[in-house]
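The following exercises concern the structure shown below. Each task is followed by a solution worked in steps.

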Amino acid sequence: MTPDAVTPEPVTPAPVTTGTVTPEPVTTGTVTPAPVTGTTATGGVAPDAVSCRGLRYSFGRTKAVDGVDLTVVSGEVFGLLGPNGAGKTTAIRCLTTLLPVPAGTVQVFGHDAAKERMAVRRMIGYVPQQLSADASLTGRENVALFARLFDVRRRERAERVALALEAVGLADAADRMAGTYSGGMIRRLELAQALVTAPRLLMLDEPTIGLDPIARTGVWEHITAIRAATGMTVLVTTHYMDEADQYCDRVALMHAGRVQALDTPERLKAALRDRRGDDSAPTLEDVFRDVVGGDLGASEEGGDFRDVRRTRRTASRLG
Amino acid sequence: MSAAPAGRPPVSAEPAAALGLAPLLTTPRARPGWWVLPARVGAMCLVELQKLRHDRTELYTRAVQPALWLLIFGETFTRIRAIPTGGVPYLDYLAPGIIAQSAMFIAIFYGIMIIWERDSGVLTKLLVTPTPRAALVAGKAFASGVKSLMQAAVVLVLATLLGVALTWNPLRLLGVAAAVLLASAFFSCLSMSIAGIVLTRDRLMGVGQAITMPLFFGSNALYPVDVMPDWLRAVSAVNPLSYQVDALRGLLLGTPSHLLLDFLVLLAAAAAGITAASCLLGRLAR
Ligand SMILES: Nc1ncnc2c1ncn2[C@@H]1O[C@H](COP(=O)(O)OP(=O)(O)O)[C@@H](O)[C@H]1O
Ligand SMILES: [Mg+2]
């Protein structure tokens, strides 16, 4: 990490007051997202859903994740944003215990992801980037397998599986082979697979990648509704800035293995507006461009290019 | 984090009730440690059975090869009487060998499924369930045994139709099932270990094809160890397939065999296979 890059502290989450800056869930309309309680039964403050300090991971000489600090507060929808290759998947795979944590610490609800793997796995539902349902099983069998793997007791199993399928709108298709499902249906089936185990933290890696716009909205509506109904924390990665803007309470902008800025979409946009000093209504994509110095990818024009060093300073001020 | 917001409003039960999700709000309690292995093995075997129920074609197509072995090779060599079998008709002598061989052929390509599951993200998700790697591998290994058992049953029926006098003693058949399961666990773990090393489907196909024939011919499946040259005897002595065939012959035909040694070797091989494959599975997760 270079000295002028993001320092650990600037990524402190600005306290989000629910209701004022939180986007309303689409389907439920009137229901504000209900984050889980901030205090535990013992009266102590509940640990953050995810607390990640100085996380690094390299594939050979590729520094996929290069010193990431972030905190996901219990009950929020947190978006990890960045272009392809930013390191989102690698970071999330460290959080899920799929990859070791070679440097830094990762805690999920206070449990160390490197040392208490089983405890961490029991608390998370993970939907990987690929469409990962087993095509040669029915939707119901796919969900029931995960109920069994998470030790859902036999007497509750059928009911829970049916409820999970119903919650994602797959009750009618439940006994069809998953191989006959559309992309959006498979994503929803994967949501049901996660939901049936009652995770406290749902991790979704690019849940809408490769889906048509209608399926994308459908997947998001189910995520928001489930989150509103269960109060679970959601950590989602995406490279669709508009989706993050619409559905996430807070976002971390990730680029080249680092978190460059972290706040609510509203504040990030407001900060950019202030910096520009005009009345334009910047989008989250504009913020991203500004923060990473226009270096979003090879195809980007240099028009928005700024000195990277200056941008980094901006990032740390922003964060 | 110092500034972590505390005191968020407690979650109300109402929205959950609205969606009817109330029963989904409680995280299932963990089972005691000893429960995990049998539970995961059971879950994986059930999945394998469900898949077989949805698509039985594999069961039928896989019956062709052993049928040809018994019909052509078996019938011919019974007539030639070229192989000293200790008084047993050659077809009878061959039947247990073909059961073992066809079960091995299924298991040895099981790693292809693991690679496919890796590429499709299924394995990734399995690795994030509260299942230790060894339990996951054991689950997969015995799930491949389910397929092998079906195959063994098909060959048993075929052999009986061809007039082979096999035992129908249920205890002995149970022993046959155990031997097939253990051997199949070993060979599928061998396959998963190779998958963990070579990492791609095509390479695994190549390696699988390269080792199946030596394993088959370097065993007592087709001919007794006594007629082998010394170097082949050495291969047979370290080949779990030979121990499986010996056990199957003893159980099905009642010929002299070394059941205790056979089962000890098969158990040790399965345990070693599961250990090796669990160590190498991590490479597929990267
Ligand atoms: N299994 C892997 N082996 C080698 N390099 C990898 C592997 N997975 C990811 N990478 C590299 O790590 C970087 C981050 O990748 P990834 O985490 O998948 O990004 P994202 O999910 O944001 O698109 C990329 O440069 C990618 O090429
Ligand atoms: Mg990715």
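Helices (H or I, at least four residues) and strands (E, at least two) are DSSP runs, numbered from the N terminus. The model is a predicted one.

**Exercise 1.** Locate Gly218(B) relative to the helices of chain B, and classify it as buried or exposed.

Solution.
Step 1. Helix α9 covers residues 201–217 and helix α10 covers residues 230–237; Gly218(B) sits in the loop between them.
Step 2. Buried means under 20% relative accessible area. Gly218(B) has a relative accessibility of 1%, and therefore counts as buried.
Step 3. Setting aside neighbours within four places in sequence, the contacts of Gly218(B) are Met213(B), Leu232(B), Val235(B), Ser236(B), Asn239(B) and Ser242(B).
Step 4. Leu241(B) lies 23 residues from Gly218(B) along the chain, with 8.8 Å between the two C-alpha atoms.

**Exercise 2.** Describe the secondary structure, extent and surface of chain B.

Solution.
Step 1. Chain B contains 12 helices and 0 strands. From the N terminus, the order of elements is accordingly α-α-α-α-α-α-α-α-α-α-α-α.
Step 2. The C-alpha trace of chain B spans about 85 × 35 × 35 Å along its principal axes.
Step 3. Chain B has 286 residues, of which 52% count as buried. Of the contacts in chain B with a separation of 6 or more, 77% join residues 24 or more positions apart.
Step 4. The exposed area of chain B is about 12,500 Å², and carbon and sulfur atoms supply 69% of it.
Step 5. The charged side chains of chain B comprise 22 positive and 13 negative ones, and the centres of the two sets are 9 Å apart.

**Exercise 3.** Identify which residues make the nonpolar surface patch of about 360 Å² in chain B, and place Val64(B) in its helix.

Solution.
Step 1. The patch is made by Val64(B), Leu68(B), Leu71(B) and Ile72(B).
Step 2. Val64(B) belongs to helix α3, which comprises residues 57–80 of chain B.
Step 3. Val64(B) has a relative accessibility of 46% and so counts as partly exposed.

**Exercise 4.** Give the same kind of summary for chain A, then examine Thr97(A).

Solution.
Step 1. Chain A has 10 helices and 10 strands.
Step 2. Of the 319 residues in chain A, 60% are buried. Residues 24 or more positions apart provide 67% of the contacts in chain A with a separation of 6 or more.
Step 3. Chain A exposes about 11,900 Å², of which carbon and sulfur atoms supply 52%.
Step 4. Thr97(A) is in the loop between α1 (88–95) and β4 (103–108) of chain A. With a relative accessible area of 1%, Thr97(A) is buried.
Step 5. Apart from residues up to four places away in sequence, Thr97(A) touches Ala113(A), Arg117(A), Val120(A) and Arg121(A).

**Exercise 5.** Determine where Phe109(A) and Leu199(B), which have a positive phi although neither is a glycine, are found.

Solution.
Step 1. Phe109(A) has a phi of about 50 degrees and is found in the loop between β4 and β5 (111–112) of chain A. Its relative accessible area of 6% means that Phe109(A) is buried.
Step 2. Leu199(B) has a phi of about 70 degrees and lies in the loop between α8 (170–198) and α9 of chain B. At 24% relative accessibility, Leu199(B) counts as partly exposed.

Definitions and conventions:
Residues are numbered from 1 along each chain as its sequence is written. Chains are lettered from A and ligands numbered from 1 in the order in which they are written. This is a predicted model: local features need pLDDT of at least 70, side-chain atom pairs count only at pLDDT 80 or more; totals for chains, interfaces and linings use all residues. Side-chain values use heavy atoms; hydrogens and water are left out. Buried means under 20% relative accessible area, exposed over 50%, partly exposed in between (1.4 Å probe, protein chains only). Contact means heavy atoms within 4.5 Å. Accessible areas come from the Shrake-Rupley method with a 1.4 Å probe; for residues, only the protein chains shown count as cover. Lys and Arg count as positive and Asp and Glu as negative; His and the chain ends are not counted. The place of a charge is taken as NZ of Lys, CZ of Arg, CG of Asp or CD of Glu. Patches are made of residues with over 30% relative accessible area and no salt bridge: like charges are joined within 9 Å, nonpolar side chains (Val, Leu, Ile, Met, Phe, Trp, Tyr) within 5 Å. A salt bridge is a side-chain nitrogen of Lys or Arg within 4 Å of a carboxyl oxygen of Asp or Glu.
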